[in-house]
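Trainee: Could we go through this structure together, with you explaining the labels as we go?
Mentor: Sure, bring your questions and we'll set each value against its cut-off.

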Amino acid sequence: MTTIAPTLDVIALLNEAKAFTPQLVAWRRHLHMHPEVAFHEHETSRFVRDVLSTIDGISVTRPTETSVMAVLRGGQPGPTIAVRADIDALPILEENDVGYRSQVDGAMHACGHDGHTAIVLALVTLFARHRDAMRGEVRFLFQHAEELAPGGADEMVKQGVMDGVDHVIGLHLWSTLPCGLIGLIAGPAMAAPDNFQCHIIGKGGHAAAPHEAVDPIAVGALVVTALQHIVSRALDPLDPVVISVTQFIAGSAYNVIPNTAYLAGTVRTFDAKLRTRVPELMERVIKGVTEAHGATYDFALERGYRPVVNDPVLTTRLEQIVTRTFGDETLFPLRPTMGGEDFSAYQQKAPGVFAFVGAGNVAEGVAFPHHHPRFQIDERSLDIGLRYLVAATFDLLS
Ligand code: NI
């Protein structure tokens, strides 16, 4: 047991955290009913600020228009720790039939950020009660726009929220991990998600005379197929890479060969060299296939977030905190995911670890993936997430 002041120890804090369960659920459900998509979190950030304004001993600022930062300066000297929660929802029509269903048509907290926000609100409330006995400084980052590149994290970093921070931690409720488990990954954990667009420029004509046209649909179909050969034939199978063509738009009539076809999709990599190499290979394939068929092309790649890479030393420390707090059986050696996260922006400034808190429950039908219209969480994960952050933050401050 770690003790930083006679009146404060982690066991007492963790016990105190347990009493937050009803409040966690209430905050989460309120946010769930009132979702706002990336860069539009006006009511959400106001709600966060209003809750924070009832807490004594913290300072609250707005780093950007729709984000909030609370700073707690402890009564004892110590390091500076940043804890991040993302607050935005997704442009999805909710299909869950629950009392706290989204009241905004076409917007839904389908990734669990409502839960992240509730957890970190509870964390501020709890720690602020013990300000005098606390060490160092904690910055609670309620970040906007995780779901839409270029993302909110970069904007907050530019506003200086990470200046002087020693460690940064964050978590994601994870519906594909059973509730009761916490997943930690040392090193590369989440991929860099880059997006591409490609126009195939052919020559339109009558569908009955394809020889007089250059069919961009036929060429585009070959491009889609050939792109998959990059991953399967040109790259080391031990290097994880995904190329997914997710849009193929062309044509407007059954008897007309169109002039152009539009392809778009996403590239996921971990390795910095591959992140540059894969688009080069893609362009080579697109160039070759289009040229071979008398078409031309236009290819553009837009870089998304950097990969989330967890600091190995800090990860080991947090693994020990998880087993000490919850028992050995709670720690789950999760595999990296090709999903992306702008938590990586904070990791450019200080060693950080992003944790995955199990929120799934197959027996109770809580089994849909993130970003699904029926995404749900087992709300017991809120309490686990809170206690994880209590134990982790407290330890990092000592
Ligand atoms: Ni998310």
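Trainee: Why does Phe39 count as partly exposed?
Mentor: First, keep in mind that this is a predicted model. Phe39 has a relative accessibility of 26%. Buried means under 20% and exposed means over 50%, with partly exposed in between, so at 26% Phe39 counts as partly exposed. You'll find Phe39 in the loop between α2 (21-33) and α3 (42-53).

Trainee: What is noted about the phi of Phe39?
Mentor: Phe39 has a positive phi, about 70°, although it is not a glycine. Ala145 is also not a glycine, and its phi is positive at about 50°.

Trainee: Where is Ala145, then, and is it buried or exposed?
Mentor: Ala145 is in the loop between β6 and α5. Its relative accessibility is 0%, so it counts as buried. The loop between β6 (135-143) and α5 (152-158) holds Pro150 too.

Trainee: What makes the peptide bond from Ala149 to Pro150 worth a look?
Mentor: That bond is cis, with omega near 10°.

Trainee: Let's go to the metal. Which protein atoms are the donors of the nickel ion?
Mentor: They are SG of Cys111, NE2 of His113 and NE2 of His172. They lie 2.1 to 2.3 Å from the nickel ion. The cut-off for a donor here is 2.8 Å, so those distances qualify. Along the sequence the spacing of the donor residues reads C-x1-H-x58-H.

Trainee: Why can you say that His113 and His172 tie parts together?
Mentor: Because His113 belongs to helix α4 (residues 113-128) and His172 to strand β7 (residues 167-178), the pair links parts that are 59 residues apart in sequence.

Trainee: How do you know whether His113 and His172 are buried or exposed?
Mentor: Use the under-20% cut-off again. His113 has 0% relative accessibility, so it counts as buried. His172 has a relative accessible area of 2%, so it is buried as well.

Trainee: What about the loop between β5 and α4: why is Gly106 called partly exposed?
Mentor: Gly106 sits in that loop, with a relative accessibility of 32%, so it counts as partly exposed. Its C-alpha is 4.2 Å from that of Leu93, although the two are 13 residues apart in sequence. Leaving out residues up to four places away in sequence, Gly106 touches Leu90, Pro91, Ile92 and Leu93.

Trainee: And why is Ala107 called buried?
Mentor: Ala107 is in the loop between β5 (76-86) and α4. At 5% relative accessibility it falls under the 20% cut-off, so it counts as buried. Not counting neighbours within four places in sequence, Ala107 is in contact with Pro35, Val37, Leu90, Ile92 and Ser102.

Trainee: Now the helices. Why are α1 and α10 called roughly antiparallel?
Mentor: The axes of α1 (residues 10-18) and α10 (residues 380-397) cross at roughly 155° and come within 10 Å. Angles over 145 degrees count as roughly antiparallel, so α1 and α10 earn that label. Their crossing is right-handed. Val10, Leu13, Leu14, Ala17 and Lys18 of α1 make the contact with Asp383, Leu386, Arg387, Val390, Ala391 and Phe394 of α10. By class, that gives eight nonpolar, no polar and three charged residues.

Trainee: What makes α6 oblique to α7?
Mentor: Helix α6 (residues 216-234) and helix α7 (residues 272-292) pack at about 140°, with axes 9 Å apart. Roughly antiparallel needs over 145 degrees, and roughly perpendicular ends at 115, so α6 is oblique to α7. The crossing of α6 and α7 is right-handed. Their contact has twelve nonpolar residues, one polar and no charged.

Trainee: And why is α4 oblique to α10?
Mentor: α4 and α10 pack at about 45°, with their axes 9 Å apart. Roughly parallel means under 35 degrees and roughly perpendicular starts at 65, so α4 is oblique to α10. The crossing of α4 and α10 is right-handed. Among the residues in this contact are Ile119 and Leu123 of α4 and Leu389 and Phe394 of α10. The contact of α4 with α10 counts eleven nonpolar, three polar and no charged residues.

Definitions and conventions:
Residues numbered from 1 in each chain as written. Predicted model: local features only at pLDDT ≥ 70, side-chain atom pairs only at ≥ 80, totals over all residues. Heavy atoms only, no water. Axes fitted to C-alpha atoms, helices over the stretch in contact; angles between N-to-C directions. Helix = DSSP H or I, 4+ residues; strand = E, 2+ residues; numbered from the N terminus. Left-handed = near helix turned anticlockwise from the far one by under 90°. Contact = heavy atoms within 4.5 Å. Nonpolar A, V, L, I, M, F, W, Y, C, P; charged D, E, K, R; others polar. Donors = N, O, S within 2.8 Å, 3.2 Å for Na, K, Ca; no water. Buried < 20%, exposed > 50% of the residue type's maximum accessible area, 1.4 Å probe, protein only.
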